[in-house]
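Subject: The model we talked about

Hi,

Here is the structure I promised to pass on. Have it open while you read, and my notes will be easier to follow.

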Amino acid sequence: MAERNRLWISNPLALFTANDHQAPGGLVIENGVIVELLAAGQTPARPVDETFDAREHVVLPGLVNAHHHFHQTLTRAWGPAVNAPVLDWLPALYPVWSRLTPAQLALASKVALAELLLSGCTTTADHHYLFPEGLEQAIDIEVEAVRELGMRATLCRGSINVAGSHNSACVQSAEVILADSQRLAEQYHERDDGAQIQIALAPSSPFAVTRELMCASAELAQTHGLRLHTHLGETPDEQQACIRRFSMRSVDYLKSVGWLGPQTWLAHGIHFNQIEIDRLGAAGVGICHCPSSNMRLASGICRTLQLEDEGATIGLGVDGSASNDTSNMLLEARQALFIQRLRYGAGKITPEKVLGWATRGSAKLLGRSDIGEIAPGKQADLALFKLDELRFSGSHDPIAALLLCAADRADRVMIGGRWKVIDGQIEGLDLAGLIADHRQAASHLAGG
Ligand SMILES: [Zn+2]
């Protein structure tokens, strides 16, 4: 946008704003920020340098993915884990992941990011908790990949300092974890609107780290203005494990280590009782719903509306590519629509509701007020879809058609006013070359 500082995306087929289908005249972008929404027949208040005719496009805010594990793109459909529930799935995969090299992580990250971007996602979280010998710079590698693709990301510095039966190669001392977390915060965390890279602190789960590390992570996060993230409520037996180890249920434990507040977002959030839902909501904790992963591993169905009613924020995440096994945010929204209808009925779970979770909901989980909506003052992060494929033929409501007819690829994607995807292709990326290198890396990892 630097060379063309005012752009009018004119007269879209449909446009999803905070108030749903308004602004039929389109939107005006100036220096990478949305400055104007236009009513039908209205034209920009001042002359523009360029107009993009969006008559064939459904325009969404760039989708925001609030939970992922990029490295898992190398172990999609991993034979021994294909039919395993989560507690058998992890031990089947950890020995493989523990062999991950820096070059493999770089490729895995690029593949995950490219896949997300092509699905209309402009900002993603990644939860990386593997730091075996030789991979101590994992987050730095991810930063490079994010910058190369030109997306935005909250990179969650994961941690494990309690050895379990399967993850011992990935254990680090609390001292090393905290020193690296502080280094990453100081080196990379951007605080201003339009930030490209942000850092969050993210024990793999509250059971993979000591109580002391949970507390120290919360303190460090507060000092640096970082958010806190972890997995919680994914399996029904987790509460028993929590009682055995800490003599309390998981939400009490979060409270006791300084995590029960709006600075925290949790992946999954399925297995909580009503009292716990009330407390999570009252504390403003965020929940990242991961429907594909939850169905794939038969984990359960998140009680999204009850959590929302009590004050929790709901966002969406694709979760790792070994439990989904794709990184497609628009298909994830479709999955959320369907699984949540099973719980709450069709009338309460609309396409607009689910797209709200996938955009402003996820943005709020990441602590961002500058993205996730098409509104004046927000970053110009947009995903544009065409409805010209066979699967859309005969469709009527364009916004509903995206989810109901299973749109899975954006025609154009813009981040901060710059086109990153044009005609369904990522600008400047040799996708065929990336796929070839990634396949080879996956095969080496499997043979390792
Ligand atoms: Zn996960």
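Below is what I found, going from the domains down to single residues.

Before anything else, keep in mind that this is a predicted model.

**The two domains**

The domain assignment splits the protein into domain 1 (6-61 + 380-426) and domain 2 (63-365). Measuring over C-alpha atoms is how I'd suggest you picture the separation: the two centres lie 29 Å apart. Where the domains meet, domain 1 puts in 25 residues and domain 2 puts in 24 residues. On the domain 1 side, the elements that give two or more residues are strands S6 (57-61), S15 (382-386), S16 (412-415) and S17 (418-422), plus helix H13 (398-404). H13 gives the most to that side, with four residues. As for chemistry, the domain 1 side divides into 17 nonpolar residues, six charged and two polar.

**A sheet with two edges**

Several of those strands turn up again in an open sheet of six strands, in the order S2-S6-S15-S16-S17-S18, with mixed pairing. Its edge strands are S2 (14-15) and S18 (425-426), each of which pairs on one side only. Within the sheet, S15 and S16 run antiparallel to each other over three bridges. If you want a spot to look at, find Ala383, which stands opposite Val413 in S16.

**Strand S13 and its neighbours**

Now go to S13 (residues 286-289). Strands of a sheet pair through backbone hydrogen bonds, either parallel or antiparallel. S13 has parallel pairing with S12 (residues 264-268), over three bridges, and also with S14 (residues 313-316), over four bridges. Gly286 is a handy landmark here: Trp265 stands opposite this glycine, and Gly286 also stands opposite Thr313 in S14. To get from S12 to S13, the chain passes through helix H8 (residues 274-282), and this β-α-β crossover is right-handed.

Which way do the residues of S13 point? Gly286 and Cys288 point one way, Ile287 and His289 the other, and all are buried. That fits the general rule that in a regular strand the side chains alternate between the two faces of the sheet.

**Trp265**

This tryptophan is found in strand S12. Is Trp265 buried or exposed? The cut-off for buried is 20 or more other C-beta atoms within 10 Å; Trp265 is buried because it has 32. Leaving out residues up to four places away in sequence, Trp265 touches Ala66, Arg227, His229, Val285, Gly286, Ile287, Cys288 and Leu365. Another pair to look at is Trp265 and Gly233, which are 32 residues apart in sequence and 12 Å apart in space, C-alpha to C-alpha.

**Helix H5**

H5 (residues 211-224) has 14 residues and reaches 20 Å from its first C-alpha to its last, close to the 20 Å expected at 1.5 Å a residue. Its buried residues are Leu213, Met214, Ala216, Ser217, Ala218 and Ala221. An α-helix has 3.6 residues a turn, so residues three or four places apart point the same way. Among the elements that cover the buried residues of H5 are strands S9 (152-159), S10 (197-203) and S11 (227-232), along with helix H4 (174-188). Right after H5 comes Gly225, with a positive phi near 65°.

**A few backbone oddities**

Most residues other than glycine have a negative phi, and most peptide bonds are trans. Here are the places I'd check by eye.

- Asn31 has a positive phi, near 50°. Asn31 lies in the loop between strands S3 (26-30) and S4 (33-38), and counts as partly exposed because 14 other C-beta atoms lie within 10 Å.
- Ala77 has a positive phi too, of about 45°. Ala77 lies in the loop between strand S7 (63-65) and helix H1 (86-97), and is exposed, with 9 other C-beta atoms within 10 Å.
- The peptide bond from Asn324 to Asp325 is cis, with omega near 0°. Asp325 sits in the loop between S14 and helix H11 (329-344).

Happy browsing!

Definitions and conventions: Residues are numbered from 1 along each chain as its sequence is written. This is a predicted model: local features need pLDDT of at least 70, side-chain atom pairs count only at pLDDT 80 or more; totals for chains, interfaces and linings use all residues. Domain bounds come from an automatic or database domain assignment. Two residues are in contact if their C-beta atoms, placed from the backbone, lie within 7 Å. Ala, Val, Leu, Ile, Met, Phe, Trp, Tyr, Cys and Pro count as nonpolar, Asp, Glu, Lys and Arg as charged, and the others, Gly among them, as polar. The expected span of a helix is 1.5 Å times one less than its number of residues. A residue is buried if 20 or more other C-beta atoms lie within 10 Å of its own, exposed if 12 or fewer, and partly exposed in between; C-beta atoms are placed from the backbone. Two strands pair if DSSP finds at least two bridges between them. A crossover is right-handed if, with the strands pointing away from the viewer, the path from the first strand over the helix to the second runs clockwise.
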